[in-house]
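Let's walk through this model together by asking what earns each label. Every answer sets a value against the rule behind it.

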Amino acid sequence: MSTTQSERLRELLEPLVSSQGLDLEEIEVDSVGRKRVLRVVVDSDEGADLDAVADVSRALSAKLDETDAMGQGEYTLEVGTPGAERELREHRHYVRAVERLVKFQLTDGDELVARIIAVDDEGTDVEVPGVKGRRPTARRLAFEDIAKARVQIEFNRKDKKADTADTDMKEEEEEA
């Protein structure tokens, strides 16, 4: 896809996505046989639920139908969210990943897996898990020292909100 087509699609679609309370994260056009696929990735600070994705998909489809942004050939529009192992590229991505485990590739060549604790304009405070019974350690990473960062899937971590809700329910049951 040419840069001009990408820019033109972004200029056309971003206001519609923003009007739905979402951020336009990615636009990608792929050729699949004779057809083309336009993939649009959206997200928000609260996440994008299925209804929000469906609403923005209908709005984008209508806008694309009334313009020639995709040309005359057939294409398929796919609208989705970034997924569980999203790459962190922008400040807002790091903010959305607070409390998540992230694999960092640093500009000096080192790799680090740590949990994001806080984010500000210059970088992020992380907690590096302890090894072999050692305590976790705090570390500061400046954005300029991060070459790449990707959220990691965790299967064994207990959700703090769920733990709090379970405790609240037990307290209410005991009071009853």
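A salt bridge here is a side-chain nitrogen of Lys or Arg within 4 Å of a carboxyl oxygen of Asp or Glu. The model is predicted, and a search of the whole structure finds 23 such pairs.

Q: What makes Glu 25 and Arg 96 a salt bridge?
A: Their closest N and O atoms are 3.0 Å apart. The cut-off is 4 Å, so Glu 25 and Arg 96 form a salt bridge. The pair also links distant parts of the chain, with Glu 25 in strand β1 and Arg 96 in helix α3, 71 residues apart.

Q: Why is Glu 25 called buried or exposed?
A: The relative accessible area of Glu 25 is 8%. Buried means under 20%, so Glu 25 is buried.

Q: How do you know which class Arg 96 belongs to, buried or exposed?
A: Arg 96 has a relative accessible area of 19%. The limit for buried is under 20%, so Arg 96 counts as buried too.

Q: What makes Arg 39 and Glu 28 a salt bridge?
A: The N to O value for their side chains is 4.0 Å, to be set against a cut-off of within 4 Å. Arg 39 and Glu 28 are accordingly listed as meeting in a salt bridge. Arg 39 lies in strand β2 and Glu 28 in strand β1, so the pair ties together parts that are 11 residues apart in sequence.

Q: Why do Arg 39 and Glu 28 count as partly exposed?
A: Arg 39 has 28% relative accessibility, and Glu 28 has 34%. Partly exposed covers the range between under 20% and over 50%, so Arg 39 and Glu 28 both take that label.

Q: How do you know that Lys 103 forms a salt bridge with Glu 111?
A: The closest N and O atoms of Lys 103 and Glu 111 are 3.6 Å apart, and the rule asks for within 4 Å. Lys 103 itself is partly exposed, with a relative accessible area of 31%.

Q: What makes Asp 23, Glu 25, Asp 43, Asp 45, Arg 86, Glu 90, Arg 92 and Arg 96 one network?
A: Salt bridges that share partners join these residues.

Now for the strands.

Q: How do you know that β1 and β2 are paired?
A: There are 9 bridges joining β1 to β2 (residues 35–43), and the two run antiparallel. Pairing needs at least two bridges, so the 9 bridges satisfy the rule. As one example across this pair, Ser 31 stands opposite Arg 36 in β2.

Q: What makes β1 and β3 edge strands?
A: The open sheet has 3 strands in the order β1-β2-β3, with mixed pairing. β1 (23–32) and β3 (75–80) each have a single partner strand, so one side of each is left without a neighbour in the sheet. On average, neighbouring strands of this sheet are turned by 15° against each other, direction ignored. Helix α2 (residues 50–66) lies across β2 and β3, running at about 150° to β3.

Q: Which residues touch the most other members of the largest nonpolar core?
A: They are Leu 38, Val 40 and Leu 64, in a core of 21 residues. The elements giving two or more residues to this core are α1 (3–19), β1, β2, α2 and β3. Its largest share, 5 residues, comes from α2. Beyond its neighbours within four places in sequence, Val 40 is in contact with residues including Leu 13, Leu 24, Leu 60 and Leu 77. A second, separate core has 15 residues, among them Ala 114, Ile 116, Ile 146 and Ala 149.

Two backbone angles deserve a look as well.

Q: Why is a positive phi worth noting outside glycine?
A: Most residues other than glycine have a negative phi. Glu 99, in the loop between α3 (91–96) and β4 (101–106), has a positive phi of about 80°. Lys 132, in the loop between β6 (123–128) and β7 (137–142), has a positive phi near 55°.

Q: What makes Lys 132 exposed and Glu 99 partly exposed?
A: Exposed means over 50%, so Lys 132 qualifies with a relative accessible area of 84%. Glu 99 has 31%, and is therefore partly exposed.

How values were computed:
Residues numbered from 1 in each chain as written. Predicted model: local features only at pLDDT ≥ 70, side-chain atom pairs only at ≥ 80, totals over all residues. Heavy atoms only, no water. Helix = DSSP H or I, 4+ residues; strand = E, 2+ residues; numbered from the N terminus. Axes fitted to C-alpha atoms, helices over the stretch in contact; angles between N-to-C directions. Contact = heavy atoms within 4.5 Å. Buried < 20%, exposed > 50% of the residue type's maximum accessible area, 1.4 Å probe, protein only. Core = buried A, V, L, I, M, F, W, Y, C linked by side-chain atoms within 4.5 Å.
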